Amino acid sequence: MIDDVREALRGVVAVTVTPFDDGDRLDEPALAAVVERLTRGDGVRALTPNGNTGEFYSLSDDELSRVVAVTRRAAPDAVVIAGVGHEVRRAVRLARDAARQGCQAVMVHQPVHPYQSEAGWTAYHREIAQAVPGLGVVCYVRSPAVTARALRDLLRECPNVVGVKYAVPDPVTMAVLAAAVEGPVWLCGLAETWAPFFWPGGAEGFTSGLAVIAPEMSLELHALLRAGDRAGAAKVWRLLKPIEDLRARNGGEHNVSVVKEALAQLGVCGRAVRPPMTELTGPDRQRVSDILRTLT
């Protein structure tokens with residue numbers, strides 16, 4: 001199973017949204033529709049429910065568990081890499097729940113504690129990884145303070161740590177880390193916008209919220225990068241960049257809202273998001289409509 005996770009990380013890992021109904025409850029049929037749309041045919045084969053695009057920090061433990069359950073049921077053949085995090089005991093509890101539900105791996109969200117040491121970062125991830133020795137573990141690195149030594153210490157004690165999702169906008173540093181830390185599969189954690197620039201440094205896959213909207217285009221970009229077709233990859237990258245720019249605007253305040261707005265316009269799920277995020281308003285909704293015409 002661990003080898004299956006490694007192989008899945010060398011592709012597109014889609015981070016799914018979490019749809020809500022008009023009563024702000026988890027909309028399970030809509031979530032199933034999102035997942036089935038992503039994975040049908042030759043679609044995406046690796047999914048991360050309860051990632052940032054899935055509004056992880058806005059969900060209760062019960063909701064997080066149900067999101068995993070619906071995802072597993074809707075995509076029985078996919079590699080499911082469930083997002084876990086918060087304080088370490090809660091992260092362990094969520095990881096064990098993911099294992100119980102048949103997930104093949106977990107992705108550990110970057111610790112949000114305001115104070116953390118190098119050894120503390122390693123200890124946090126070690127406790128989670130050792131609690132689920134049969135699952136693959138992916139570290140989500142969003143801080144430039146995470147060092148090669150911290151990663152090597154973790155890998156030495158936890159052989160089930162199989163991937164690093166690197167989401168610092170610094171492909172040079174990622175390349176240095178990838179050269180210094182052998183073993184894990186490295187992924188660009190900043191999606192399609194940055195994937196071509198992380199690829200030469202050793203990123204073999206990338207995570208994507210955009211894939212939830214246009215999976216064929218995300219898969220095409222990855223295939224072109226793998227084939228070494230720089231011109232073809234650049235052409236697809238230029239098509240995808242406008243919607244990624246809209247998601248990234250103002251520090252990413254509408255990162256999730258843009259994806260849900262697009263899905264709402266495509267008739268897949270509702271556009272509702274939970275505070276502290278807000279839905280898009282008129283001009284931005286129209287901008288999404290204009291971009292969708294170039295993607296679908």
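This report describes the barrel of a predicted model, its strand pairings and two loop residues.

**The barrel**

Eight strands close into a barrel, in the order β1-β2-β3-β4-β5-β6-β7-β8, and their pairing is parallel. Averaged over the sheet and ignoring direction, neighbouring strands are turned by 25 degrees against each other. Strands of a sheet pair through backbone hydrogen bonds, which can be arranged in a parallel or an antiparallel way. Helix α1 (residues 2-9) lies across β1, β2, β3, β4, β5, β6, β7 and β8, and α1 runs at about 20 degrees to β6.

The table lists some of the strand pairs, with the number of bridges and one residue pair for each.

| Strand pair | Bridges | Residues opposite each other |
|---|---|---|
| β2 (residues 46-48) and β3 (residues 79-84) | Two | Leu47 and Val80 |
| β4 (residues 105-108) and β5 | Four | Ala105 and Gly136 |
| β5 and β6 (residues 161-166) | Five | Val141 and Tyr166 |
| β6 and β7 | Four | Val164 and Trp186 |
| β7 and β8 (residues 203-208) | Three | Cys188 and Phe206 |

**Strand β5 and its surroundings**

How many of the six residues of strand β5 are buried? Six of the six residues, 136-141, are buried, so β5 is largely enclosed by the rest of the structure. In a regular strand the side chains alternate between the two faces of the sheet. In β5, Gly136, Val138 and Tyr140 are on one side, while Val137, Cys139 and Val141 are on the other. Both of these faces are covered, and the residues on them are all buried.

Strand β5 takes part in pairings with two strands. Four bridges join it to β4, and the two run parallel; Ala105 of β4 stands opposite Gly136. Five bridges join β5 to β6, again in parallel, and here Val141 stands opposite Tyr166.

**Crossovers between strands**

How does the chain get from one strand to the next? β4, helix α5 (residues 118-131) and β5 make a right-handed β-α-β unit. From β5 the chain then crosses through helix α6 (residues 148-157) to β6, and this crossover is right-handed. A right-handed β-α-β unit is also made by β6, helix α7 (residues 171-180) and β7. Another right-handed unit consists of β7, helix α8 (residues 191-198) and β8.

Strand β7 (residues 185-188) is covered on both faces. Val185 and Leu187 are on one side, Trp186 and Cys188 are on the other, and all are buried. Two of these residues also appear as bridge partners: Trp186 is the partner of Val164, and Cys188 is the partner of Phe206 in β8.

**Two loop residues**

Thr18 is in the loop between β1 (12-15) and α2 (28-39). Is Thr18 buried or exposed? Its relative accessibility is 1%, so Thr18 counts as buried. The side chain of Thr18 reaches the backbone oxygen of Gly54 at 2.7 Å. Neighbours within four places in sequence aside, Thr18 is in contact with Leu26, Thr53, Gly54, Glu55, Leu59, Val67 and Lys260.

Gln101 is in the loop between α4 (88-100) and β4. Why does Gln101 count as buried? Gln101 has a relative accessible area of 19%, and buried means under 20%. Not counting residues up to four places away in sequence, Gln101 touches Ser65, Val68, Ala69 and Arg72.

Terms used: Residues numbered from 1 in each chain as written. Predicted model: local features only at pLDDT ≥ 70, side-chain atom pairs only at ≥ 80, totals over all residues. Heavy atoms only, no water. Buried < 20%, exposed > 50% of the residue type's maximum accessible area, 1.4 Å probe, protein only. Pairing = 2+ DSSP bridges. Right-handed = clockwise from strand over helix to strand, strands pointing away. Polar contact = N/O pair within 3.5 Å; in protein donor to acceptor, adjacent residues only side chain to side chain. Contact = heavy atoms within 4.5 Å. Axes fitted to C-alpha atoms, helices over the stretch in contact; angles between N-to-C directions.
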